[in-house]
Amino acid sequence: MKKIDKERLLLAIAAPVLAIVVSFVVTALVLVATGKQPFDAFNIMFQYGIKSDSQVYILDKATTYYIAGLAVAIGFRMNLFNIGVDGQYRMGAFFAAAVGGAVTLPSFLQIPLIILVAMLVGGMWAGIAGVLKTTRGVSEVIATIMLNAIATSVIGYLLQPGRLGHLDAAQTQVSTEPLPASGHLFNFNMGELNGDVYGFIVIAVLLGVAYWFVLNRTRFGFDLRAVGQSESAAEASGVSVKRMVITSMLISGAMAGLIGMPTLLNDAHQFGTEFPAGVGFVGISVALLGRNNPVGVALAALLWAFLERTSTQLEFENYDKEIVGVMQGVIVLSVVIAYEVVRRYGIKRQQQKVGEELAAQAKNKQEVTA
Amino acid sequence: MRRVTKITAAGIASAVLALSATACGSSSQSDASSSGSSSGGLKVGIAYDVGGRGDHSFNDSAAAGIDKAKKGLGVTQVKELTAKTADTDADRETRLEQLADAGYNPVIGVGYSYATAMTAAAKKYPNVTFGIVDSVVPGKNVDSIQFTEEQSSYLAGVAAALKTKTNKIGFIGGVDIPLIKKFQAGFDQGVTDTNPKAKVTAQYLSHGSDLSGFADPAKGKEAAQGMLDSGNDVIYSAAGSSGNGAIEAVAGKTGTWAIGVDSDQYQDASLAKYKNSILTSALKNVDVSVYDLISSVKGGTPLTGTQTYSLAKGGVGLSYSGGFIDDIKTQLDAATKKIVNGDIKVKTTVS
């Protein structure tokens, strides 16, 4: 029992490690091809990445990416490809910021209200794709990616002065009304030079625990994974696949709505230039790399944040900052390939072992009968 | 068994998080008060907006100022960094502080998106002079550089209205933010004041906080193609490097004109193929403002507060390269005069 667990764990870790090693090798080759020293570049990244202010930055960025990864992972576990996390996150953050800026309540009501609005809006936006899939058979890939574009337009329309927008003093930037002080979440102050670690990191950790618990320790989680592995088998055992599709889209979307919360509640306190498009896609990479496992996704999110942090320093040292983009792209590609390689290897090993055991049994029998 | 290992794993993970959260080790930033007073030659740090040096437009206009300072002021050390589309304020602040910390002074942020980041950075590095283009940042050590783009856009509108044959004129904006609407407002007014029959169609490439519209030539080309297909024959794009795509599309159809923006795009080597389609460019002399700032820091009395570079001061204007608008110079000069002496008040918002 213990031995099998060890081997499974080893195989599970092998794939992402393999992917990261491959991507470092490929990046090194690219650096050499452009006439640069690869190890100097890696050294710069490492030295800069472990600075204390870098650590703060990495934790803050990773908090956002972690939630994005979880949102995507919920869909993945059910074989649902929610590409719309990006739109759901921006819609959630935008409406949460608008509502939060419009009312002033005591903190213990204001913050939950903002979070609730974000989850509701994100969930509803994803729910549209869920309903389309169950009632009309529209692939959620198509529906969610279209909804991303619609989200951009909806926000673009509403985020105008005179609607929900608010011009800054220099008349150049539009954002929503700033949140009142009661809408600011606590931060961990790491000193003048290092900045703050977002207090939302605590909630992110709790979300990870909740994700693990719901998927692995509840009936709902079991149903969800069952549908992910075989829809027809799940249907036969009495699970309503349609209901599961809608529910998991809603949950994935609600989680996506939370992606913008660390930035909104801990830092920007308004919806403006602080909510770049593309975070949802980082979530896909992070979920893939972390194998939809709450701990794996956390490590992947930290790695991603580390890479982004160090890319600025690379540029500062006259390297092409695109190197980090190359590295991230190669990681995702090799992750997908590595999983397949490791999976096939695992199956082969399993078959060999079964074969050996059967052969041994047959031999034993022969010896007994002989 | 499995349950135990999972719980251990979760425990280890949270411990790792907690440990790294204590932020041990040294900060990459040295003590703020000590930096920024380096003697020796002038070290200029500049952080470009998305697209960076080589966008043939807004950023290149700032880069031209740096190049002039290298020649005219003997600046030898320049560090140039560029924004990414997915940046947050934390990234922008990092960029500015990296420069300030390494002893670069002045540190210039090209583009309004650096405003929030610079507010924080300027506080942390009180001995460094900062400069921001297109926004206003509080602080005694900040030079806020603003341009009256609506005035040059008005003149571009006059030129477009006099050159159009179909009475259909296009405007392509990078992102639908107030700054770019200022271009549209001036352009609209210039067209209608000159030729009331002409109609301006406006299109924006991206919206709100999505800044990709400033750095996507493919989108610019597509938008311009659409406008050409529906009969527009003069297209003005205020969209950073996306405008290059628009110019390319316009060059593909004879008898149509493109109006460039920020830099004199007729002179741009990479657009040389299309230069005979570039009617004029609405100049925004970011180079002048960048040069002024560097020169003031060199002189020992750094510029601070808000500097407005207007038509009257030569901060904005039209380019005459190629000679395509020489025939309408009298009308343009008349309009310029009226703007300068206040007879024409150019609007800054689209009605």
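What share of the contacts in chain B with a separation of 6 or more comes from residues 24 or more positions apart? The figure is 69%. Keep in mind that this is a predicted model.

## Chain B at a glance

Chain B is built from ten helices and twelve strands. It runs to 351 residues, and 58% of them count as buried. Its accessible surface adds up to about 13,300 Å², with carbon and sulfur atoms holding 54% of that.

## The largest cavity

The structure has five cavities of 30 Å³ or more. If you're after the biggest void, the largest cavity comes in at about 180 Å³. Its lining is made up of 18 residues, and those nearest the centre are B:Phe58, B:Ile180, B:Phe214, B:Gly240 and B:Asp262. By character, the lining residues split into ten nonpolar, five charged and three polar.

Where does the lining come from? Three elements of chain B each chip in at least two residues: helix 2 (58-72), helix 6 (178-194) and strand 9 (257-262). Helix 6 of chain B gives the largest share, with three residues. Zooming out to domains, the cavity lies between domain 1 (32-147) and domain 2 (149-283 + 320-340) of chain B, because both give residues to its lining.

## Chain A at a glance

Now for the other chain. Chain A has 14 helices and four strands, and its C-alpha trace spans about 95 × 60 × 35 Å along the principal axes. Of its 370 residues, 52% count as buried.

Long-range contacts show up here too: take the contacts in chain A between residues at least 6 apart in sequence, and 74% of them join residues at least 24 apart. The accessible surface of chain A is about 17,100 Å², and 66% of it belongs to carbon and sulfur atoms.

## Helix 11 of chain A

One element of chain A deserves its own look. Helix 11 (residues 261-268) is largely enclosed by the rest of the structure, since seven of its eight residues are buried. The buried set consists of A:Met261, A:Pro262, A:Thr263, A:Leu264, A:Leu265, A:Asn266 and A:Ala268.

What comes right after helix 11 of chain A? That would be A:His269, which has a positive phi, near 60°.

Conventions: Residues are numbered from 1 along each chain as its sequence is written. Chains are lettered from A and ligands numbered from 1 in the order in which they are written. This is a predicted model: local features need pLDDT of at least 70, side-chain atom pairs count only at pLDDT 80 or more; totals for chains, interfaces and linings use all residues. Side-chain values use heavy atoms; hydrogens and water are left out. On a 1 Å grid over the protein atoms alone, a cavity is a set of points where a 1.4 Å probe fits but cannot get out, and a pocket is an open set with protein on both sides within 12 Å along at least five of seven lines; lining residues have an atom within 4 Å of a point. Grid points are joined across faces, edges and corners, and a volume is the space filled by probe spheres set on the points. Ala, Val, Leu, Ile, Met, Phe, Trp, Tyr, Cys and Pro count as nonpolar, Asp, Glu, Lys and Arg as charged, and the others, Gly among them, as polar. Domain bounds come from an automatic or database domain assignment. Buried means under 20% relative accessible area, exposed over 50%, partly exposed in between (1.4 Å probe, protein chains only). Contact means heavy atoms within 4.5 Å. Accessible areas come from the Shrake-Rupley method with a 1.4 Å probe; for residues, only the protein chains shown count as cover.
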